[in-house]
Every structure is written in C-alpha cells, then in structure tokens.
Amino acid sequence: MNLLSLPFRLWRVLFGTPRSFTSGEKFEHYTRKYLFTSSRYELLQKTHGYRTKNKHYVPSADPDFKFRDRNNGRIFYVEAKYRSSFFKGQVKWCTEKQLSHYRQRNNECPVFILLGTGGHPDQPAFVSLIPLRSAGFTSLFFSYAEKFSIHPRRVLLSKKLWRR
C-alpha cells in the first residue's frame, strides 16, 4: 500500500464517499432529471459511481453519459461537471489526460461538456452546454461558457442541442 494513499483510505472508511464524488453524482442525477430526460434521450451508457468503483469494475475514460436522441437517432456523449464557482473568471473542468480521451471519443460521435456552477449540484444557478470542439482547453472562462448557457430547469430540446 502506498503511504500517500493511507490518509485517503482512512477518510473513506471513517466518513464514506468523498464530497467531490457526492457533488458529481448529484449533478449527474440532476442532468437526467431536468435536462436529458428519458422521454427525449435514451441512455446507452453511464460511467460507474464512486461506490461501484470500489468494487470490481473495469475503469472507463468515457464521458459520464452516452445518449441517443429519440427525435433523430443521433448518438452523443455528455461529460457533466459541477463546480461551486468560477475562480478569477474561469473554471478548470478537466485534466489534460481527460481532454485527450474526450477528443478521441469526439471522433466517433459528438461530445458535449455540461457545466453547472453556483447554487447546489442538484440545483445549479448557471448551466452551460459546450460542444467539445468549441472547448479546446482544460479551463473555461465564464464569458465563454455564457455563450453556451441553457436554462437550468428545462428539458433540452433536440433542435437546441444540435444547433451548438
């Protein structure tokens, strides 16, 4: 066992799921409940949750969701990221390694970054849906994310998704 991982393991045993994972799972639940509902988008794949990752699983570098648009049959990925706020006007939404994996997936079918900020993970104050091809960096400025903003409590219509 790596000595550096010992405090993390102890924390997990004592307190359960780390807060960052809980926030992410809440935002993913919000994503399905309000924006990409099952009536409009068929869920084809979802990444494993924190508790699943602690059991026997095959790791995945895929975005959080893979959907099929029920309106036109098009398949796409969504990477859902919640951050409490922008810091100095920007937010880091992924690592270089993650961005590289998402770019590979984007060659198959479109990948979108769903960025929620402010409020709570299950009720973000600001939501933006950015095509990966328009987000070439691991950080995003608010002024840029604002151009792709969507209503935080309305189902995302197919025509609005594909106009991005």
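Me: How are helices and strands assigned here, and in which strand does L115 lie?
Reply: Helices (H or I, at least four residues) and strands (E, at least two) are DSSP runs, numbered from the N terminus. This is a predicted model, in which local features need pLDDT of at least 70, side-chain atom pairs count only at pLDDT 80 or more, and totals for chains, interfaces and linings use all residues. Residues are numbered from 1 along each chain as its sequence is written, and side-chain values use heavy atoms, with hydrogens and water left out. On this basis, L115 lies in strand 5.

Me: What is the order of the strands in the open sheet?
Reply: Two strands pair if DSSP finds at least two bridges between them. The edge strands, each pairing on one side only, are strand 1 (41-46) and strand 8. Pairing in this open sheet of six strands is mixed, and the order is 1-2-3-5-6-8.

Me: Do strand 3 and strand 5 run parallel or antiparallel, and how many bridges join them?
Reply: Within this pair, V78 has F112 of strand 5 as its bridge partner. Helix 4 (residues 96-108) lies across both strands. Strand 3 and strand 5 run parallel, and the number of bridges joining them is seven.

Me: Which residue of strand 8 stands opposite S128?
Reply: Strand 6 is joined to strand 5 (residues 111-117) by six bridges in an antiparallel arrangement, and L115 stands opposite S128 there. Strand 6 is also antiparallel to strand 8 (residues 149-150), through two bridges. The residue of strand 8 opposite S128 is S149.

Me: Is L115 buried or exposed, and what is its relative accessible area?
Reply: Buried means under 20% relative accessible area, exposed over 50%, and partly exposed in between (1.4 Å probe, protein chains only). Leaving aside neighbours within four places in sequence, L115 has contacts (heavy atoms within 4.5 Å) that include F27, F86, F126 and L140. L115 is buried, because its relative accessible area is 0%.

Me: How many residues of strand 6 are buried?
Reply: In a regular strand the side chains alternate between the two faces of the sheet. F126, S128 and I130 point one way from strand 6, whereas V127, L129 and P131 point the other way. Strand 6 (residues 126-131) is mostly covered, and its buried residues number six of six.

Me: Which element gives the largest share of the largest nonpolar core?
Reply: A nonpolar core is a set of buried Ala, Val, Leu, Ile, Met, Phe, Trp, Tyr and Cys residues joined through side-chain atoms within 4.5 Å. The largest has 19 residues, and F36 and L129 are among those with the most contacts inside it. Its largest share, four residues, comes from strand 3.

Notes:
Axes are lines fitted to C-alpha atoms, for helices over the stretch in contact, and angles run from 0 to 180 degrees between N-to-C directions.
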